[in-house]
Amino acid sequence: MSINHTISVLVSNEVGVLSRIVDLFSGRGYNIESLTVAPSIDNIYSRVTIVTKGDDGTIEQICKQLNRLIPVIKVADLSLDEAIEYEIGLLKVSINDENRAEFMNIIAQSGAKIMDVNDKIYTVKIDGKEKEVQTLAELLRPFGIKEFVRSGKVAITKSGQFSTFKNKKEETDKINI
Amino acid sequence: MNKAMYSGASILLKALGEEGVDIVFGYPGGVVLPLYDELYLQDKIKHYLVRHEQAALHAAEGYARASGRVGVAIVTSGPGACNAITGLANAYYDGTPMVLITGQVNSALIGGDAFQEADIVGITRSCCKHNYLVKDVKDLARIVKEAFYIAQTGKKGPVVIDIPVDVFTSKYTFNYPKNVELVGYNPNYKGHPLQVQRALKTLFEAKRPIIISGGGVVASNASVELKEIALRLQIPVVHTLMGTGTFPDNLELSLGMMGMHGKYCANLAVANSDVIFAIGTRFSDRITGCLKKFAQDAQVIHIDIDPCSISKNVKAQIPIVGDIKNVLNMMIKELDKQNHKINLEQKEKWFKEIDEWKTKVAIPRKTSSKLSAITVLEKIYDYTKDDEPIVTTEVGQHQMWCAQNFKFNKPRKLITSGGLGTMGFGFPAAMGAYVAQNTLHNNNKYVLNIAGDGSIQMNIQELMSAVDYKFKVINCIINNGYLGMVRQWQEKIYNKHYSQTKISSPDYVKLAQSYGALGLRVEKEDEIIPTLKQAIDFDGPSMIDFVCENFEMVYPWVLAGQPIDKVLLSREEE
């Protein structure tokens, strides 16, 4: 069954590593639903979080193919584990005197935050699960959304198992069992 | 510590020396001038000049595959490096350890669309195992060390080092690192002991087992272990095209090549097996046919160094990630320990079935009085078999006829483009193979390149290089006036619309002569041996134009997308 998987990839922070990952996805016909990249706690590593779609076989291949890249240190399919997943949405909405009250009500209930007000343009921030971001966008759609920017997903497991450093050798051993 | 300063070009050559490289194939150009100047000033590394960069890569691959060492090629930036791409992709597909050095424009000019600039790291990303752009001469020695390490470990493959001209001229000390530190690269060699035991248990219990031996067995130098396992467990062996020679063709248990043009008995045995022991094969579509109908009753045990090859196409119930030689040795040790008695009765019915399938073979049928390509290859094989020459092929009908009609009892004797299927591969690869046997074993035995009239014209310019260096390569051109394999598909599937497949040839005799090579032509069966003998006796490259029947077909043939036991054996059988 083709469902969304969140793949967390720890890589050496070197030139071209993101192109290697992106080329792998396009070259082998895998989808990228979203992508987030930033340096990890040490600047020598970066964490890439990719949301992708595919059946179990495809996801297994994606993880194996990612592992095959030399600068890739660790790959984990976070969907296999209990993970905390987050993304951020920024929305610009135009608000007038008639709809302000309703708008403020939605903002209060959704847990979003008004970041900026500028000539009837309100900029709102929401963070949370993908669904929460999507819901707010749907609720605000009737007001007329001027711009909608969302980050890709970042995710971390609840247990210490995947988040800690783990090299590829152990990863391949796991495949053996 | 060594405080002397060296240029990047000199550091590169010293590093190659540290890696034991004494042969490179290449073609000079603007930005690699400093490197070629260094080459000129030394005599440890011998450089072979080709006539096209693609051929440099194929020659390096022929060298690597004949010797098991790393093949090295040097080309210039832009067009030189772009010409090398096909050779790189070919080596990547077939898992050949190689290092390609490409020149790059001055690092200050990169990205500015300089003359002969191409983003080679970008272009080669998907057709090599790894690549580097050297930005600082300080990194050069480390990068060379890493490149050679990556090329010849894990699933072997080509690595590209792109070096800007200013890095060649900058100076730095030379300290070659002893070790590599790559946190993200730790190939697993060992193989899981529990999986090994499970595999053995499954093989003991199997009633209809089969071994598929692939190119990984060559890469891991594991033919001896494969033979021991197969003989001790009494399991019949089929091989893929890339696995040719890994299991001696002259043994009773050998069923020959499987796949699209594999033997009837080999395909039937795989299709009807209950346990497939796949060793170093990636289950390409050329051996599985229709995946859904592939060996539906079989449990699959799969050894491969590359986890990606396992369960990619055919799901493995018992995957073993590891080096084949290591894993097979683990199995042999386990066999010694368990002292298991092989129950032959359990497989009696299976061997009987296989014997019946063995009687069904392709029925070639000639349609004219011209030479049959199959006869030509049978006779060439028969005459040369005692010499056990290295045989290379181009890609097409002749490649399959060669694989079907030559028997190989040792690995590294058939060098062919398996995965990428590159026409124009065979001739330069034969040159590289000749260099390998000549320089490493002081053996000036001839190398046979089995070619087609289409393929040979793709790298025919290498005749000049071969003449210059007196490479004893015998090009046997199966000249049937068509791009035969494509024509064969057109005959069968496209209503005999021979769209752009009729191909003309130059007068190969005169052509060879004009290059200074020996050119010969054969039109009758009784001329085959004397002509071949003439070529063998000639001290240099030769070309034999075998004028063959136009419409001969390669059988057995499993049509693309069909299950592998749906084997056509002749034109009539439809």
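Domain bounds here come from an automatic or database domain assignment. On that basis, chain A of this predicted model splits into domain 1 (3-81 + 159-172) and domain 2 (84-150). Chain A meets chain B in a contact that takes 27 residues from each chain. Here's a quick tour, starting with chain A and moving on to the contact and then chain B.

**Chain A: the layout**

- Over C-alpha atoms, the centres of domain 1 and domain 2 of chain A sit 31 Å apart.
- Chain A has five helices and nine strands, and from the N terminus they come in the order β-α-β-β-α-β-β-α-β-β-α-β-β-α.
- Of the 177 residues in chain A, 42% are buried.
- If you take the chain A contacts between residues at least 6 apart in sequence, 73% of them join residues at least 24 apart.

**Chain A: two salt bridges between strands 5 and 8**

- Arg150(A) pairs with Glu87(A) in a salt bridge, with 3.0 Å between the closest N and O atoms.
- Arg150(A) belongs to strand 8 (residues 145-150) and Glu87(A) to strand 5 (residues 83-94), so this pair ties together parts of chain A that are 63 residues apart in sequence.
- The partners differ in burial: Arg150(A) is partly exposed at 32% relative accessibility, whereas Glu87(A) is buried at 6%.
- Lys92(A) makes a salt bridge with Glu147(A), and here the closest N and O atoms are 3.0 Å apart.
- Lys92(A) is in strand 5 and Glu147(A) in strand 8, so this pair ties together parts of chain A that are 55 residues apart in sequence.
- Lys92(A) is partly exposed, with a relative accessible area of 32%, and Glu147(A) counts as partly exposed too, at 41%.

**Where the chains meet**

- Chain A and chain B bury about 2,200 Å² between them, and 53% of that is on carbon and sulfur atoms.
- Two salt bridges run between chain B and chain A.
- Arg125(B) and Asp23(A) form a salt bridge, their closest N and O atoms being 3.4 Å apart.

**Chain B: the nonpolar cores**

- In soluble globular proteins, nonpolar side chains tend to be buried together.
- The largest nonpolar core has 51 residues, and Phe25(B), Leu57(B), Leu100(B), Ile456(B), Phe471(B) and Met543(B) have the most contacts inside it.
- Helix 18 (residues 426-441) of chain B gives this core its largest share, eight residues.
- Domain 1 (6-172) and domain 3 (373-547) of chain B both contribute residues, so this core lies between them.
- A second, separate core has 39 residues, including Ala9(B), Tyr132(B), Ile161(B) and Val167(B).
- Leaving out residues up to four places away in sequence, Phe25(B) touches a list of residues that includes His47(B), Tyr48(B), Tyr63(B), Val72(B) and Ile74(B), as well as Gly432(B) and Val435(B).

**Chain B: helix 18**

- Helix 18 of chain B has 16 residues and spans 21 Å from its first C-alpha to its last, close to the 22 Å expected at 1.5 Å a residue.
- Twelve of those 16 residues are buried, so helix 18 is largely enclosed by the rest of the structure.
- Among the buried residues of helix 18 are Phe427(B), Met431(B), Tyr434(B) and Gln437(B).
- Gly432(B) and Val435(B) are also buried in this helix, and both are touched by Phe25(B).
- Right after helix 18 comes Asn442(B), which has a positive phi, near 50°.

**Chain B: Leu226**

- Leu226(B) is in helix 11 (residues 223-233) of chain B and counts as buried, at 0% relative accessibility.
- Not counting neighbours within four places in sequence, Leu226(B) is in contact with Ile211(B), Ser213(B), Val217(B), Thr246(B), Phe247(B), Ile279(B) and Leu328(B).
- The C-alpha atoms of Leu226(B) and Lys349(B) are 24 Å apart, with their positions 123 residues apart along the chain.

**Salt bridges in chain B and overall**

- Over all chains, the structure holds 31 salt bridges.
- Glu146(B) and Arg142(B) meet through their side chains in a salt bridge (3.0 Å, N to O).
- These two are four residues apart in helix 7 (residues 137-152) of chain B, so about one helical turn separates Glu146(B) from Arg142(B).
- Glu146(B) is buried, with a relative accessible area of 6%, while Arg142(B) is partly exposed at 37%.
- A network of salt bridges links Asp507(B), Lys510(B), Arg521(B) and Asp545(B).

Terms used
Residues are numbered from 1 along each chain as its sequence is written. Chains are lettered from A and ligands numbered from 1 in the order in which they are written. This is a predicted model: local features need pLDDT of at least 70, side-chain atom pairs count only at pLDDT 80 or more; totals for chains, interfaces and linings use all residues. Side-chain values use heavy atoms; hydrogens and water are left out. A nonpolar core is a set of buried Ala, Val, Leu, Ile, Met, Phe, Trp, Tyr and Cys residues joined through side-chain atoms within 4.5 Å. Buried means under 20% relative accessible area, exposed over 50%, partly exposed in between (1.4 Å probe, protein chains only). Contact means heavy atoms within 4.5 Å. The expected span of a helix is 1.5 Å times one less than its number of residues. Buried area is the accessible area (1.4 Å probe) that two parts lose on being put together, summed over both. A salt bridge is a side-chain nitrogen of Lys or Arg within 4 Å of a carboxyl oxygen of Asp or Glu.
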